[in-house]
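User: Please take a close look at one helix of this structure and at the residues around it. I would welcome a connected explanation suited to a first-year student.

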Amino acid sequence: MDITASLHGLIGGILIGLSATWLMVTLGRIAGVSGIIGTLLTVRPRGDSAWRLTFLLGLISGPLLLTLAGGGFGNVLGRPGAVIGEPAGGVMLMLLAGLLVGVGTGLGSGCTSGHGVCGLARLSPRSMVATLTFLVTAIMTVFAVRHLIGGGA
């Protein structure tokens, strides 16, 4: 087991938790990525756009700054040259998957960050059900792809 990867995950989780707490304490907002970006792109609320745009820029600039600083994209696959986000099924499949995630966040009234991080911290029953649904669906999908269809790592 690679302790460095575990520490990166731990530090990342702590930073996500602190960020969600900071947003709730300072602005009274839930750090749900789909709601933050969706509202910025579709509703464009007056006087409420600055923090949403800053949030979006932070999502984009964080990985770019890490890469520029020599951190790379990460090599979680254990193969030289493999990076996080490498579209194993091609760009069109990745775009379709992204579209389905967007539809799912609309149907589920939020995403994993809103329900899983913020909702669970507030002990929201709706978020507990949503997060369990996310996890069970992900487990079933990985099982189907790896063992029934025969794809994946």
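Analyst: The account below begins with the whole chain and then turns to helix H2 and its surroundings.

The model is a predicted one. Its secondary structure consists of six helices and zero strands, so that the order of elements from the N terminus reads α-α-α-α-α-α. The chain has 153 residues, and 16% of them are buried. Its accessible surface amounts to about 11100 Å², with 74% of this area belonging to carbon and sulfur atoms.

A word on confidence is in order before the details. The mean pLDDT of the chain is 79, and 83% of the residues reach 70 or more. Among the elements, helix H2, which spans residues 33–43, has the lowest mean pLDDT, at 79; the highest, 89, belongs to helix H6, residues 125–149. Where pLDDT is low, predicted coordinates should not be read in detail.

Within H2, the buried residues are Ile-36, Ile-37 and Leu-40. Viewed down the axis of H2, the buried residues fall within an arc of 85 degrees, and therefore they line one face of the helix. Thr-42 and Val-43, on the other side of H2, are exposed.

One of the buried residues of H2 leads to another helix. Phe-55, a residue of helix H3 (residues 49–68), touches Val-33 and Ile-36, leaving aside residues up to four places away in sequence. Phe-55 itself counts as partly exposed because its relative accessibility is 24%, whereas a buried residue would have under 20%. Phe-55 can also be compared in position with Ala-31: the two are 24 residues apart in sequence, and their C-alpha atoms are 9.4 Å apart in space.

A further contact involves helix H4 (residues 91–107), where Thr-105 is located. With the same exclusion of residues up to four places away in sequence, Thr-105 touches Ser-34, Gly-110 and Cys-111. Thr-105 is buried, its relative accessible area being 17%. For the chain as a whole, 28% of the contacts between residues at least 6 apart in sequence join residues at least 24 apart.

Helix H1 (residues 3–27) offers a further view of the surface, through Ile-14. Ile-14 counts as partly exposed because its relative accessibility is 46%. Together with Ile-3, Leu-7, Leu-10, Ile-11, Leu-15 and Leu-18, Ile-14 forms a nonpolar patch on the surface, and the accessible area of these residues together is about 690 Å².

Definitions and conventions: Residues are numbered from 1 along each chain as its sequence is written. This is a predicted model: local features need pLDDT of at least 70, side-chain atom pairs count only at pLDDT 80 or more; totals for chains, interfaces and linings use all residues. Side-chain values use heavy atoms; hydrogens and water are left out. Helices (H or I, at least four residues) and strands (E, at least two) are DSSP runs, numbered from the N terminus. Buried means under 20% relative accessible area, exposed over 50%, partly exposed in between (1.4 Å probe, protein chains only). Contact means heavy atoms within 4.5 Å. pLDDT is the predictor's confidence in each residue, from 0 to 100. The arc is that of the directions from the helix axis to the C-beta atoms. Patches are made of residues with over 30% relative accessible area and no salt bridge: like charges are joined within 9 Å, nonpolar side chains (Val, Leu, Ile, Met, Phe, Trp, Tyr) within 5 Å. Accessible areas come from the Shrake-Rupley method with a 1.4 Å probe; for residues, only the protein chains shown count as cover. A salt bridge is a side-chain nitrogen of Lys or Arg within 4 Å of a carboxyl oxygen of Asp or Glu.
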